[in-house]
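Student: I have a structure to look at, and I want to know the reasons behind the words people use for it. Can we go through them one by one?

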Amino acid sequence: LLSPSETWRSDQRLVFAEENQQVLIWAVGDDDPSDDPTVWQGQPQPGGSVGWYSEEMPVTEFMVERWTWVATQRV
């Protein structure tokens, strides 16, 4: 999860999280007027573009799912 000063924009999306190996990024759409916008997963492509895929869930559900996954992982 990025701090507010670390967020950045890509393809009309606000990136708010990055996977620790920088393979995946997560964002919300600039044009989504919802109070709980849909989360998009981005996969950086060669040449600097990003392939975007909907997570098909709003931010609140995404955050609960991610924190549950983190809390249940065994090291």
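Tutor: Start with the largest pocket, whose volume is about 430 Å³. Keep in mind that this is a predicted model.

Student: What makes a residue part of the lining of the largest pocket?

Tutor: A lining residue has an atom within 4 Å of a pocket point. Residues listed for the largest pocket include Leu1, Trp26, Phe62, Trp67 and Trp69. Strand E2 (13-18) and helix H1 (59-72) are the elements that give two or more residues to this lining. H1 gives the most, with six residues.

Student: How do you know what classes of residue are in the lining?

Tutor: Set the names against the classes. Trp and Phe count as nonpolar, Glu and Arg as charged. The lining has Trp26 and Phe62, and also Glu18 and Arg66. In full, the lining has eight nonpolar, one polar and three charged residues.

Student: How do you know that E4 and E5 pair?

Tutor: Pairing needs at least two bridges. Strand E4 (residues 38-44) and strand E5 (residues 50-58) have six, in the antiparallel sense. Therefore they count as a pair. One bridge sets Thr38 against Pro58 in E5.

Student: What about strand E3 and E4: how many bridges join them?

Tutor: Four bridges join E3 (residues 25-29) to E4, and the two run antiparallel. At least two are needed, so this is a pair too. Trwo residues to find here are Trp26 and its bridge partner in E4, Gln41.

Student: Which residue in the hairpin of E4 and E5 takes a positive phi?

Tutor: Gly47, with a phi near 90°. The hairpin has five residues between the strands.

Student: Why do E1 and E5 stand at the edges of the sheet?

Tutor: The open sheet has five strands in the order E1-E2-E3-E4-E5, with antiparallel pairing. E1 (8-10) and E5 each have a single partner strand, so one side of each is left without a neighbour in the sheet. From one strand to the next, the twist averages 40°.

Student: Where does H1 lie relative to the strands?

Tutor: H1 lies across E2, E3, E4 and E5. Its direction is at about 95° to E5.

Student: What is the confidence of the prediction?

Tutor: The average pLDDT is 92 for the protein, on a scale from 0 to 100. A score of at least 70 is reached by 99% of the residues. Confidence is highest in E3, at 96, and lowest in H1, at a mean of 90.

Methods:
Residues numbered from 1 in each chain as written. Predicted model: local features only at pLDDT ≥ 70, side-chain atom pairs only at ≥ 80, totals over all residues. Heavy atoms only, no water. 1 Å grid on protein atoms, 1.4 Å probe; cavity = no way out; pocket = protein on both sides within 12 Å on 5 of 7 lines; lining within 4 Å. Points joined across faces, edges and corners; volume = space filled by probe spheres on them. Axes fitted to C-alpha atoms, helices over the stretch in contact; angles between N-to-C directions. Contact = heavy atoms within 4.5 Å.
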